[in-house]
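Hello,

Here is the structure I promised to hand over to you. Have a look at it first, and then read on for what turned up in it.

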Amino acid sequence: LPVGGPPQPIGPVAELGESPVWCAATASLYWCDIEGRRVHRLQPDGGAADAWAFDTEPACCALGADGRLRVACRDGLWALDVQTGARERLAPAPYDTAAERFNDGRCDEQGRWWIGTLRDRREAPAAALYRWGGGRLTRMAGDVTVSNGLAFSPDQRTLYWSDTKAHAIY
């Protein structure tokens with residue numbers, strides 16, 4: 001860094017960056033730019049950067065066992081082939097896309113992808129927590145406004161899930 005100067009970004013700048021995921025196999029960092037409607041990849045060692053544009057807001061991503069990147073967008077769940085850019089819709093959104101979207105998500109050790117939603121207007125606790133596994137999307141919990149902050153305990157027996165608007169951790 002230049003002495004006395006502000007830090008300089010090493011990759012693309014996001015309007016609303018979320019869901020960083022490290023892929024050890026390719027030494028790549030993936031993340032979503034929700035407002036910019038893009039998923040980014042940065043390979044820090046070589047400085048290579050890529051981005052894929054989406055029609056709706058990508059909120060979180062996860063590595064898939066099949067080598068594709070899973071992406072949760074407002075309009076549903078997608079599998080993205082980062083080599084070709086090809087996409088496959090895994091599941092449609094299970095909510096009214098005019099009022100709600102996917103937000104934060106994480107995979108557990110079994111490869112199941114846990115994804116929360118948020119209500120755009122933040123007025124009613126009608127958002128939920130879903131789990132993608134075995135080829136299906138299942139609602140696991142609900143009645144929050146802004147699903148956020150998913151994390152697992154070190155022993156994987158506890159999932160922590162927060163509602164930003166309610167200032168609560170479950």
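Let me begin with the largest pocket, whose volume is about 170 Å³. Please keep in mind that this is a predicted model. The residues lining the largest pocket are Cys23, Thr26, Tyr30, Arg41, Gln43, Leu63, Gly64, Gly67, Arg68, Leu69, Val82 and Gln83. By character, the lining splits into five nonpolar, five polar and two charged residues. As general background, rolling a probe the size of a water molecule over the atoms shows where empty space is left.

Several of those lining residues lead on to other parts of the model, so the pocket list is handy to keep beside you.

**The sheet S1 to S4**

Which strands make up the sheet that starts with S1, and in what order? There are four of them, arranged S1-S2-S3-S4 as an open sheet with antiparallel pairing. Strand S1 (17–23) and strand S4 (48–53) are at the edges and have a single partner strand each, so one side of each lacks a neighbour in the sheet. From one strand to the next, the twist averages 20°. In general, strands of a sheet pair through backbone hydrogen bonds, either parallel or antiparallel.

Strand S3 covers residues 38–43 and pairs with S4 over six bridges in the antiparallel sense. Within that pairing, Asp50 in S4 is the residue opposite Arg41. You have met Arg41 already, as one of the residues lining the largest pocket.

**Ser28 and its contacts**

Is Ser28 buried or exposed? Ser28 belongs to strand S2, which covers residues 28–33. Its relative accessible area is 0%, and buried means under 20%, so Ser28 counts as buried. Its side chain makes a polar contact of 2.9 Å with the side chain of Thr26. Another polar contact, of 3.3 Å, links the side chains of Ser28 and Gln43. Both Thr26 and Gln43 appear in the lining of the largest pocket.

**Two residues with positive phi**

In the same stretch of the chain, have a look at Ser19 and Ala27. Ser19 has a phi near 60°, which is a positive value in a residue other than glycine. Ser19 is found in strand S1 and is buried, with a relative accessible area of 2%. Ala27 is not a glycine either, and its phi is positive at about 50°. You will find Ala27 in the loop between S1 and S2, where it counts as partly exposed at 27% relative accessibility.

**Strand S6 and its partners**

How many residues of strand S6 (residues 69–73) are buried? Five of the five are, so S6 is largely enclosed by the rest of the structure. In general, the side chains of a regular strand alternate between the two faces of the sheet. In S6 both faces are covered: Leu69, Val71 and Cys73 are buried on one side, and Arg70 and Ala72 are buried on the other.

S6 runs antiparallel to strand S5 (residues 58–63), and five bridges join them. Here Ala62 has Arg70 in S6 as its bridge partner. The hairpin of S5 and S6 has five residues between the strands, and in it Gly67 takes a positive phi near 90°. Gly67 is also among the residues that line the largest pocket.

Following the chain onward, a hairpin of two residues joins S6 to S7. Strand S7 (residues 76–80) is antiparallel to S6 as well, again with five bridges between them. Opposite Cys73 stands Gly76 in S7.

**The sheet S9 to S12, and Asn148**

A further open sheet has four strands in the order S9-S10-S11-S12, and its pairing is antiparallel. Its edges are strand S9 (100–107) and strand S12 (136–144); each has a single partner strand, so one side of each is left without a neighbour in the sheet. On average, neighbouring strands of this sheet are turned by 25° against each other, direction ignored. Seven bridges pair strand S11 (residues 127–133) with S12 in the antiparallel sense, and Leu129 has Ala141 in S12 as its bridge partner.

Finally, Asn148 is located in strand S13 (residues 147–152) and is partly exposed, at 23% relative accessibility. Asn148 and Trp113 lie 35 residues apart in sequence, and their C-alpha atoms are 14 Å apart in space.

Enjoy exploring the model!

Best wishes

Conventions
Residues are numbered from 1 along each chain as its sequence is written. This is a predicted model: local features need pLDDT of at least 70, side-chain atom pairs count only at pLDDT 80 or more; totals for chains, interfaces and linings use all residues. Side-chain values use heavy atoms; hydrogens and water are left out. Two strands pair if DSSP finds at least two bridges between them. Axes are lines fitted to C-alpha atoms, for helices over the stretch in contact, and angles run from 0 to 180 degrees between N-to-C directions. On a 1 Å grid over the protein atoms alone, a cavity is a set of points where a 1.4 Å probe fits but cannot get out, and a pocket is an open set with protein on both sides within 12 Å along at least five of seven lines; lining residues have an atom within 4 Å of a point. Grid points are joined across faces, edges and corners, and a volume is the space filled by probe spheres set on the points. Ala, Val, Leu, Ile, Met, Phe, Trp, Tyr, Cys and Pro count as nonpolar, Asp, Glu, Lys and Arg as charged, and the others, Gly among them, as polar. Buried means under 20% relative accessible area, exposed over 50%, partly exposed in between (1.4 Å probe, protein chains only). A polar contact is a pair of N or O atoms within 3.5 Å; within protein, one must be able to donate a hydrogen and the other to accept it, and residues adjacent in sequence count only if both atoms are side-chain atoms.
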